[in-house]
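Hi,

Here is the model I promised to pass on to you. Have a look at it first, and then read on for what turned up.

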Amino acid sequence: MVAARRQQQQQQQRRQQQRRWGVPVLLVVYVGYVGLGAGVLQALERPAEVQAAQHLLRQHWELLANHTCLQGPALQRLIEGIIQAYKSGITLQGNTTSLGRWDFSGSFFFSISAITTIGYGNLSPSTVAGRIFCILFALFGIPLNLVLLNEIGQLMLLGVQQCARRLEEVFHWQKKASLLIKTCALVTGLLLFLLLPPLLFSDKEGWSYEEGFYYSFITLSTIGFGDYVIGMNPDRTYPGWYKNVISLWILFGMAWLALVIKFCINFLESSSDFCQCNKKSTEMAEDLMDGNKNSMTGLHDVDICNDKDTKPKRPDESHTYTAPTEAL
């Protein structure tokens, strides 16, 4: 009993040490990855930003030079008013203005983007009552959205598992059926949620395929930059079903992408566990080579890592191995 307690204490100490070292290492990797992204984006986007700023200033001074009746402060106020109106969803069309961002379909799409935490940023409530309601609406809507996404994801996962079982029963496949169904589910999701929607966006929004694919991923991953948003071009006429269908596409697409991300996380975690098991086995082998045989903890860890061991074990040597949950 004393030896077993010592083994448990040693195992707990090892786990605590791994967690203590794991968080700083993961934090360093995280900061390094973000820094890499920042450097690449700065190199790619900074020249275009400088060029756009120079072009805007050039147009500004050319306008003032060609129209001497215009005054700088008055023109600046006009520009600021146009920008503020555009943020509110109002654009100039000749001598009239365009409305429609806060009709029912536009408000429904805004509600979806709010509770899914996409938050494009191109449209927001301008009244105090609207802002207060938006806070309360999101406070209860975000948990509701998470519950719904979880249920949709579980339903998708259940369908994949049932299809795999049917193939196993019909064709007597074992691992091949599961791999085939997972591949089909992945390809089907790619088609429905990432590859085919850009064709619709190209037709309704006038975007290129690359722009539509970019919008699809940025939306479903809830990044939501707001540089591309559907139904916002005042020069185009959109059908009534357009925003409602896109709202459903967002809901189911987010559930599918969450399963894919969960699968990637489980794959990384299983790879990390495999490396830790190999490290423990190597340390135990080195201890045995050095003649350090006074501890059974290493042998116990080797048994845990070796999930292919089929030899019967005594009750005091039994152990359990929990495989990582599969996402697809």
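Helices and strands here are DSSP runs, with H or I over at least four residues for a helix and E over at least two for a strand, numbered from the N terminus. By that reading the protein has 9 helices and 2 strands, and along the sequence they follow the pattern α-α-β-β-α-α-α-α-α-α-α.

A word on the basis of it all: this is a predicted model, in which local features need pLDDT of at least 70 and side-chain atom pairs count only at pLDDT 80 or more, while totals for chains, interfaces and linings use all residues. Residues are numbered from 1 along each chain as its sequence is written, and side-chain values use heavy atoms, with hydrogens and water left out.

Of the 328 residues, 24% count as buried; buried means under 20% relative accessible area, exposed over 50%, and partly exposed in between, with a 1.4 Å probe and protein chains only. Taking contact as heavy atoms within 4.5 Å, residues 24 or more positions apart make up 58% of the contacts with a separation of 6 or more.

Now to H3 and H4. Helix H3 (residues 104-115) packs on H4 at an angle of about 65°, with the axes 8 Å apart. Axes are lines fitted to C-alpha atoms, for helices over the stretch in contact, and angles run from 0 to 180 degrees between N-to-C directions. H3 passes H4 in a right-handed crossing (the near helix is turned clockwise from the far one by less than a right angle; anticlockwise would be left-handed). From H3 the contact takes Phe 110, Ser 111, Ala 114 and Ile 115, and from H4 it takes Cys 134, Phe 137, Gly 141, Ile 142 and Asn 145. These divide into 6 nonpolar, 3 polar and no charged residues, where Ala, Val, Leu, Ile, Met, Phe, Trp, Tyr, Cys and Pro count as nonpolar, Asp, Glu, Lys and Arg as charged, and the others, Gly among them, as polar.

Asn 145 sits in helix H4 (residues 128-171) and is buried, at 5% relative accessibility. Beyond its neighbours within four places in sequence, Asn 145 touches Ile 115, Thr 116 and Leu 251.

The loop between H3 and H4 holds Pro 125, which is buried at 18% relative accessibility. Leaving aside neighbours within four places in sequence, Pro 125 is in contact with Trp 102, Phe 110, Gly 130, Arg 131 and Cys 134. The C-alpha atoms of Pro 125 and Phe 110 are separated by 9.9 Å, with their positions 15 residues apart along the chain. Thr 117 lies in that loop too; its phi is near 60°, a positive value in a residue other than glycine, and Thr 117 is partly exposed at 43%.

The other pair is H6 (residues 197-205) and H7 (residues 209-220), whose axes come within 8 Å and cross at roughly 120°. The contact joins Pro 197, Pro 198, Leu 199, Phe 201 and Ser 202 of H6 to Tyr 209, Gly 212, Phe 213, Tyr 215 and Ser 216 of H7. Here the split is 7 nonpolar, 3 polar and no charged.

In H6, the buried residues are Pro 197, Pro 198, Phe 201 and Glu 205. Down the axis of H6 they fall within an arc of 95°, so they line one face of the helix; the arc is that of the directions from the helix axis to the C-beta atoms. Just after H6, Gly 206 has a positive phi of about 80°.

Best wishes
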